[in-house]
Amino acid sequence: MTPATHASLFPQVPDSADAVLDGLDPEQREVATALHGPVCVLAGAGTGKTRAITHRIAYGVRAGILQPSTVLAVTFTNRAAGEMRGRLRQLGAGGVQARTFHSAALRQLQFFWPKAVGGEVPRLVERKVQLVAEAAGRCGVRLDRNELRDVTGEIEWSKVTQTVPADYPAAIAKSAREAPRGPAEISQIYAMYEQLKRDRGVIDFEDVLLLTVGILQDRHDIADRIRSQYQHFVVDEYQDVSPLQQRLLDLWVGDREDLCVVGDASQTIYSFTGATPDHLLNFRVRHPQATVVKLVRDYRSTPQVVHLANGLLAQARGRAAEHRLELVSQRSPGPDPVYKEYGDEPTEAEGTARRIRDLIAAGVPASEIAVLYRINAQSEVYEQALADAGVPYQLRGAERFFERPEVREAGVALRGAARAGGNDPLLDDAVDLPSQVRAVLGTKGWRAEPPAGSGAVRDRWESLAALVRLAEDFAGAREGATLSDLVAELDERAAAQHAPTIQGVTLASLHSAKGLEWDAVFLVGLTEGMMPITYAKTEEQVEEERRLLYVGVTRARLHLTLSWALSRSPGGRASRRASRFLSGLRPGSAAAGARGAAGGAGGIERGAAARRKHRGPVRCRVCGKTLTDGGEMKLMRCEECPSDMDEALYERLHEWRSVQAKETGQPAFCVFTDKTLMAIAEAVPSDETELTRIAGVPARKIARFGADVLKICAGQELTDDEKED
């Protein structure tokens with residue numbers, strides 16, 4: 001990729017409204033000039049949707065059609081809102097409000113609360129998890145750390161779907177969700193959590209939306225005042241809107257039609273939080289006169305990457321898949337995606353680190369490389385491998401750039417030096433703006449060479465180095481720029497949260513990578529049980545996993561590597577298989593479902609319904625083939641068919657078996673064979689009836705080990721006495 005020029009980093013403000021439209025393609029221009037009535041933009045990955053909607057707002061403002069103070073642009077993350085404010089400022093449309101739903105609602109709540117309710121707005125609860133833990137304790141329910149996180153998530157889902165505690169059991173039964181505990185228990189904890197908040201006069205983030213909705217519904221005078229303030233609305237990432245956010249949006253808009261929504265149903269990856277693409281897919285139904293524009297020209301990725309992305313969605317099912325957009329790459333051809341199979345996870349991480357080191361040596365900046373995984377727990381082995389290879393990295397999800405202590409300290413120092421001007425002895429030998437910044441930041445720990453290793457010291461240096469590079473770019477773009485000019489630029493960026501780029505390989509989960517892009521992307525750990533994740537049971541859940549992988553693929557501009565490991569540890573059993581989503585896409589693989597109709601939903605069916613119910617031929621529960629091998633019959637699937645085994649559960653069972661074998665003085669396989677442990681980890685039985693359906697678990701073993709096995713499958717810890725029984 002050609003590095004960004006100083007001019008592109010600090011572009012000149014367009015000199016007219018028409019100049020705002022320069023460089024837009026026909027579809028983007030159609031979005032930018034559609035300033036009246038409802039507008040729905042269906043925008044595929046990499047098609048320039050943010051460019052289209054920011055130019056739409058800027059064109060309206062510069063043409064005098066929109067007043068900046070009457071426009072409210074809403075998105076889902078502070079980073080995206082900051083980027084939007086930064087782009088609007090560069091286009092000469094400063095003053096437009098670009099916020100998240102929560103930020104906009106909180107601002108309105110704080111302003112109108114004294115009039116609507118009286119007094120000050122209740123403070124936001126700092127640690128929701130702690131309050132949920134206390135609520136569970138008061139209900140006599142003990143939750144481990146994972147259960148606590150999951151129950152907290154259930155409470156959040158309930159609130160954004162506008163489900164009260166008493167209705168939770170019915171709502172969970174109606175949905176495809178799997179409750180982490182009994183629905184009645186969660187309902188009780190949820191009710192106690194709400195009571196504790198009332199007793200202490202605090203609210204949570206979901207309450208911010210709920211209370212704002214309540215005030216706008218009850219106080220028409222306040223609703224009218226907000227509608228007179230904001231007359232034009234733009235909603236980005238509309239496929240991720242929850243029912244509660246849609247209700248708030250409806251109250252903001254009222255009976256007007258000046259609404260522009262932008263989204264892509266194929267990038268719906270947050271349904272577990274209550275998000276649904278239905279609002280996007282039904283927009284034309286609610287607004288029959290809407291202008292609908294499809295953006296499919298992909299400016300981000302090469303034809304090879306786009307071909308893989310399109311192929312991935314071509315196998316998708318469901319309503320979102322019916323509305324998928326076929327991307328068309330606008331870039332020159334590049335290298336084919338690389339598929340790599342490794343023996344174990346450490347080897348996969350080491351191979352990835354070597355490939356990254358080679359790319360950096362070939363000229364790809366470290367900041368333009370990302371390693372993406374399904375869950376955050378996968379990051380550690382890649383952190384270690386990159387550190388061993390001497391490759392700098394950053395973990396995505398840390399605090400915002402301008403809120404980091406070292407960045408705040410640097411800002412204070414630069415501001416002081418700017419005020420002192422030529423009287424600051426630090427600047428005596430500085431000949432230009434970059435050298436002035438290097439001199440000032442040298443007092444805060446910046447050096448020309450990075451510190452060895454990783455950790456907090458390296459993170460601090462990376463932040464300061466990003467400010468030095470920003471100064472260099474700023475000086476290159478603005479001839480004669482002074483230190484005071486740079487300080488003003490930093491202040492504006494801080495207000496917009498428009499942070500400079502950190503020079504390090506990004507390690508991030510697929511969810512947190514949404515909205516970002518890199519020259520080179522490594523999608524790692526792509527095995528059955530991880531992609532799709534093992535707890536994705538229904539077709540809808542599996543399809544969301546497919547969309548999540550699609551999001552990962554479309555983050556890559558040029559280089560894309562997809563890899564998986566056959567076992568967790570060196571020397572471990574090679575029981576894993578590549579993700580079913582790669583079937584028919586990677587060389588030498590058959591398309592999903594090619595084995596025959598008996599494959600059903602691609603291996604989703606499992607448990608009691610898929611087990612033997614009568615004597616006769618035993619068939620693979622994935623492909624339908626008749627099984628004859630004893631080990632395969634125990635697993636109820638062919639050896640080569642995808643496994644949905646819970647790896648963590650298998651490891652716990654394996655450790656428990658070792659203890660039992662040691663205590664009884666017999667070989668481990670006499671407790672349970674490896675195949676039986678795998679079958680248990682795939683079935684995850686919840687009671688003795690389900691456990692008896694697993695071949696290799698006779699009645700005598702259920703009598704002796706059944707209670708232990710069921711506790712382990714339920715995620716419960718065994719006491720020391722139970723471990724030694």
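Let's start inside the sheet: strand β2 (residues 71-75) and β3 run parallel and are joined by 4 bridges. Within that pairing, A73 has A98 of β3 as its bridge partner. Bear in mind as you read on that this is a predicted model.

Helix α5 packs on the sheet here, where it touches β2 and β3. The direction of α5 makes about 170° with that of β3.

**The whole sheet**

Stepping back, which order do the strands take? The open sheet is formed by 6 strands, in the order β3-β2-β6-β7-β1-β8, and the pairing is parallel. At the edges sit β3 (97-100) and β8 (291-295), each of which pairs on one side only. From one strand to the next, the twist averages 15°. As a general reminder, strands of a sheet pair through backbone hydrogen bonds, either parallel or antiparallel.

Another helix to look at on the sheet is α3 (residues 26-33), which lies across β1 (39-43) and β8. Helix α3 runs at about 145° to β8.

**Two helix pairs**

Now for helices that meet other helices. Here are two such pairs side by side:

| Helix pair | Axes come within | Crossing angle |
|---|---|---|
| α4 (residues 49-62) and α5 (residues 78-90) | 10 Å | roughly 50° |
| α11 (residues 205-218) and α13 (residues 243-253) | 10 Å | roughly 35° |

Take α4 and α5 to begin with. Their axes cross at roughly 50°, which makes α4 oblique to α5. The crossing in which α4 passes α5 is right-handed. If you would like to find the contact in the structure, look in α4 for T50, R51, I53, T54, I57 and A58, which meet E83, M84, R87 and L88 in α5. Sorted by class, the contact of α4 with α5 holds 5 nonpolar, 2 polar and 3 charged residues. Helix α5 therefore has two sets of neighbours to trace, since α5 touches β2 and β3 of the sheet and also meets α4, to which α4 lies oblique.

What is the handedness of the crossing of α11 and α13? The crossing of these two helices is left-handed. On the α11 side, E206, L209, L210, T212, V213, L216 and Q217 take part, and they meet L244, Q245, R247, L248, L251 and W252 in α13. By class, the contact of α11 with α13 has 8 nonpolar, 3 polar and 2 charged residues.

Notes:
Residues numbered from 1 in each chain as written. Predicted model: local features only at pLDDT ≥ 70, side-chain atom pairs only at ≥ 80, totals over all residues. Heavy atoms only, no water. Axes fitted to C-alpha atoms, helices over the stretch in contact; angles between N-to-C directions. Parallel < 35°, antiparallel > 145°, perpendicular 65-115°, else oblique. Left-handed = near helix turned anticlockwise from the far one by under 90°. Contact = heavy atoms within 4.5 Å. Nonpolar A, V, L, I, M, F, W, Y, C, P; charged D, E, K, R; others polar. Pairing = 2+ DSSP bridges.
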